[in-house]
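Biologist: Could you take me through this model and tell me what stands behind each term you use?

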Amino acid sequence: MDSLPRLASSSDKKDVLNFCQNTFSWGDYIHEVWDNWINEGHLIVIKNDQIPVSMAHAGFYPDEKMIWIEGIRVSNNFRKKGLAQKMIHYFEGKAKSQEFKISRMLIASENNPSLKLAKKLGYKIISKWNYFSLESKQISQQNTMLSDSCLIDCEELDMEKYNFIESWRWIPLTNERLKKLNSENKIFCQKIGSEITTLGIITESESFENTVILEILFGTELETMIKFVQNIAYKKNYSKIRILTELESLPKIENLENKFPFYLMEKKL
Ligand SMILES: CC(C)(COP(=O)(O)OP(=O)(O)OC[C@H]1O[C@@H](n2cnc3c(N)ncnc32)[C@H](O)[C@@H]1OP(=O)(O)O)[C@@H](O)C(=O)NCCC(=O)NCCS
């Protein structure tokens, strides 16, 4: 067994996907993201007899001094031997050497082994997120015209409180990022007078196939916002919408499915 993780190469894909098929009750998503993660870098494996038996990926965010650790997988026969721990320590070491301050990951609330792993390594739950899925759908003009998104000023928002979710990564929302999202028309915002009453961020996932992510920050006009996104996704030929929010419930909308919750976990490095 390799004593240290090493960078994965494209030729590891087949062996890795072999042990990343039925990871969860619903399957796994590694096959969707592998090529993007290889291109992005920071995709690691540990090998036994030259065959990968574990993998993990990290996104590095120098502006926010943060790493995001994701896709930790250990092949069944090689679990409980410290491999996951080794991969996480590897990334934390890289991050610390660049003077990053935080490491984050997302763990499904029902994934006890992973929660134990993260807690053992010093990660704390900082928020709980609910995950809903929905199909795209054409909505009549009348409904969607209601909701012209409007620009917001950074000063209007207490940004410390919020994260921006990019391809299932929770990144602290900064002024720069908010400005960029604004200029790309990715913010859905409704106001009454100067008060923001409904706020969401709509992104097209770079790593996940065919998916629009709607992050709901807060809102009184949730149904309008969700239908607006359903329609945009339909027009842009996306079939899947993933809604992520700290809210516990959403308005009743046809085919809106409430999936399991996730914990956002963080460790100060
Ligand atoms: C979760 C997972 C990555 C752990 O990998 P691993 O290499 O077996 O973990 P490690 O051997 O490094 O374990 C380190 C610590 O994690 C915890 N842990 C790991 N597996 C556990 C289990 N099945 N039950 C309870 N605690 C567990 C323990 O605290 C353990 O420390 P200990 O050995 O001193 O008790 C592995 O089970 C896996 O691939 N699961 C499926 C995919 C998954 O859930 N990925 C994470 C998504 S966020």
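Modeller: Gladly. 18 residues surround the ligand, and R79, A84, Q85, P113 and L117 come nearest. This is a predicted model, where local features need pLDDT of at least 70, side-chain atom pairs count only at pLDDT 80 or more, and totals for chains, interfaces and linings use all residues. Residues are numbered from 1 along each chain as its sequence is written.

Biologist: What makes a residue near a molecule?

Modeller: Its C-beta atom, placed from the backbone, has to lie within 6 Å of the molecule.

Biologist: Which elements each supply at least two residues of the shell around the ligand?

Modeller: Strand 4 (66-74), helix 3 (83-97) and helix 4 (112-120) do, and helix 4 gives the most, with 5 residues. These names are DSSP runs numbered from the N terminus: H or I of at least four residues for a helix, E of at least two for a strand.

Biologist: How do the residues of that shell divide?

Modeller: Into 7 nonpolar, 5 polar and 6 charged. Ala, Val, Leu, Ile, Met, Phe, Trp, Tyr, Cys and Pro count as nonpolar, Asp, Glu, Lys and Arg as charged, and the others, Gly among them, as polar.

Biologist: What are the bounds of domain 1 and domain 2?

Modeller: Domain 1 is 6-100 and domain 2 is 130-262; such bounds come from an automatic or database domain assignment.

Biologist: How many residues of each domain are in contact?

Modeller: 10 of domain 1 with 8 of domain 2. They are said to be in contact because their C-beta atoms, placed from the backbone, lie within 7 Å. On the domain 1 side, helix 2 gives the most, with 3 residues.

Note on methods:
Contact = placed C-beta atoms within 7 Å.
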